[in-house]
Amino acid sequence: MAAGAAAAHRAGALKQQNKPHKGRKQRGGAQRRAGGRVPAKTLSRRRRDLTKPDRRHQALQLRRQRKEAVLAEKRHLGSKDGPPHLVVVVPLHVGVVTHDALRLLQSDESALVHTDERAEGFVLLCPRLKLRWRFATAPMGNLHAVLDLAKVADTLLFVLDPLDGWDSAGDYCLSCLFAQGLPSYALAVHGVTDLPQKKQADAKKKLGKAIEKRFPEAKLFPLNTEQESLLLLRHLAAQKQRHLAFRDRRAYLLAQEAEFMPSHDSDLVGTLKVSGFVRGRTLNVNSLVHIVGHGDFQMSQVDAPPDPFSLNPRVAKGQQRKGQDMDIQDDSVNGAVEMEEVIKVLMKADPRRQESLQSEVIPDPMEGEQTWPTEEELKEADESLKERRKVVKVPKGTSNYQAAWIVEDGDDGSEEEEEDNLEDEDLMEEASQVGESSEEEELVEEECETMTVAESARDDLYDEMLDEDEEQMLEKYKQERLDQMFPDEVDTPRNLPARVRFQKYRGLKSFRTSPWDPKENLPRDYARIFQFQDFSRTRKHVFRQIEKEEPEGAAVGWYVTLHICSVPSSVMESFRQGLPLVLFSLLPHEQKMSVLNFAVRRHLGNSETVKAKEELIFHCGFRRFRASPLYSQHSSADKHKLERFLRPDAALVVTVYAPITFPPASVLLFKQRSNGMHDLIATGFLLSVDPDRIIIKRLVLSGHPFKIFSKTAVVRYMFFNREDVLWFKPVELRTKWGRRGHITEPLGTHGHMKCHFDGQLKSQDTVLLNLYKRIFPKWTYDPHVPEPVPWVRNEQQLPMQEVEME
């Protein structure tokens, strides 16, 4: 027992290990050792680690700053130092009479009214409220005018019908305005008191339910008396302004007056003098201006005429308006106040600092690494051309185009248009039908006589024209359904080798991971466009300069006259017709052409089949143009598959050649009907300006298993000769049921081939081979868009269905 008690105790593996004591730390020792140097990370951490009172105080300061900015914006808009509050009156029903509603807004006895004889509108000066408004009525039925006025409006005043609210035309107008971007708005109804007393309450309830769908938080203002009109004016002045992203960083102007001075060389081009109030940002004379619907132009000078709508016209002689170098003299003769019309020149354009109008790069044809052909090569080319010329008898009346088809019937042309139009036999049939019709016309000309055409014959002619349009729409609908059922599948031609027909295509191991050089085999149009090394960085730099630097020029709220050079006379003609003249200043590089990508989604009110490369009308930010776009999938990969149709169930990317626009900017896509009306097809936003975005067109060749073994099968109907099988042997195969394989060897001379797969095939399976090719958009940009036919003339032709008011 004693020996056992004297034995030493050994701790086990689970003994508790305590931290050793390191002694007391010296206060300030680290600071003394650092010698006053503070690391950057520590400094930034100290700034973030604020105490709770400091964080509360900082949040309070930020909240006060935002509130003061909103109040300053409210006070500036419509005041004597700011531009007049621009209110665009939009009637949403055919039965709305805007003239009566505008007359009520002019009923204030203390206000001064300046009517606009050119268009239906007026300027209202209210010294009692110390505010001034400009009311402009959007022409009912002209979609371009409504959208252009909404681009520059401070407030949209929607006037509703007391019974129906808005009709199908008004609902279509609202859809376009919501897609473009809605500024501040107000809802007013005129004529409720004209209804019987018993129906007024029901009409108000009906309008309230209808408004909840489109405007959940809006208040409906009655507009029947002078007191109600004054309440509406107070609401317009006090409500918070909503900002549109594409106009916050640009100066813009709605023309009040315009004058055209033709040049000495031609009466069709001259200098346009546009007068109006500067809005948005400071306007510099060296920047470019874009006249909406007409193009980009340069300015020669900016003048400062007297403000025709001053709230305080009686200003002492010699007193200058803030920031403007002009004198206003008070000479009253018989109680009339006359202003001394002394026009001062604010700025003149500096040719060294002025932006250039060059929109395209002039390509150098000798820039490529090619040598000039020798005389022997030129002679060989001429001889080869002579050998190709063949004399073939064609039917009388055959055009050169039809004769070219007949001559080249046996040739193996594989142009891009032939690749896009896969059914070449239809073209041959059309050419033969036209040739037969020309022969029949020659026989009929000998036996012609004059006769009276009956009404039934005219109806037959109309039906024939209608049938042609319906046949085209039916054919596009069939192609769209076929593409949905068998995506990208094509038939291998029998009369042309597949290695020639698909020589521009390649196979990929994986569409997602296989590399594709974005600078490979670029078209000639890419030599005409501009490309940024880093577009997002350039965009941030331009926006940062706008925020930090204060450019010289006309400040916001000044009444100026712009001298715009080389403007066609058609701009002045449209202004005389009562259409709005809207100007936007351009940011650097925004006049240059590049490749624009838009992310769009199909509009719910339209279900028409839209094929790729069909001409559409684009409303992108402040621009309006026509182009034939390409559609591709919206994904985050480096390659994007082409879509042959504008899908109704997914977001797609639209690619076109167009002038550079810095996002954010909204986009609306319209399609023009044969009768001139414009249908809203899709809406979205500007995604990027990137010519390196790779759009891949996929073709799928299909074959059928003829004999099936364990993992081997004999496939036929994919190719029809032995050489094609050997040519496409390296490309991987797949099946609709998920099997993968490759071509082992050809069998015979009729295109049969032995294939090996990773599993046994089913007899009902289909073998597929994918081929890929990069495609580029066509240069179809056109800045001139025809005016649409008014969509109020015929209610049955409206693009959207009439809204049911519950």
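Residues are termed buried under 20% relative accessible area, exposed over 50% and partly exposed in between (1.4 Å probe, protein chains only). The structure is a predicted model, in which local features need pLDDT of at least 70 and side-chain atom pairs count only at pLDDT 80 or more, while totals for chains, interfaces and linings use all residues. Residues are numbered from 1 along each chain as its sequence is written, and side-chain values use heavy atoms, with hydrogens and water left out.

Two residues other than glycine have a positive phi. K613, with phi near 70 degrees, is partly exposed at 28% relative accessibility and sits in the loop between β20 (593-602) and β21 (616-620). S566, with phi of about 55 degrees, belongs to strand β18 (residues 559-568) and is exposed at 52%. Strands (E, at least two residues) are DSSP runs numbered from the N terminus. P663 and P664 are joined by a cis peptide bond with omega of about 10 degrees; P664 is in the loop between β25 (652-659) and β26 (666-672).

C126 and C620 are buried, each at 2% relative accessibility. No disulfide (a pair of cysteine sulfur atoms within 2.5 Å) was found in a search of the whole structure.

A cavity is a set of points on a 1 Å grid over the protein atoms alone where a 1.4 Å probe fits but cannot get out. There are 4 cavities of 30 Å³ or more, and the largest contains about 70 Å³, the volume being the space filled by probe spheres set on the points. Its lining residues (an atom within 4 Å of a point) include R134, R279, F277 and F309.

How values were computed
1 Å grid on protein atoms, 1.4 Å probe; cavity = no way out; pocket = protein on both sides within 12 Å on 5 of 7 lines; lining within 4 Å. Helix = DSSP H or I, 4+ residues; strand = E, 2+ residues; numbered from the N terminus.
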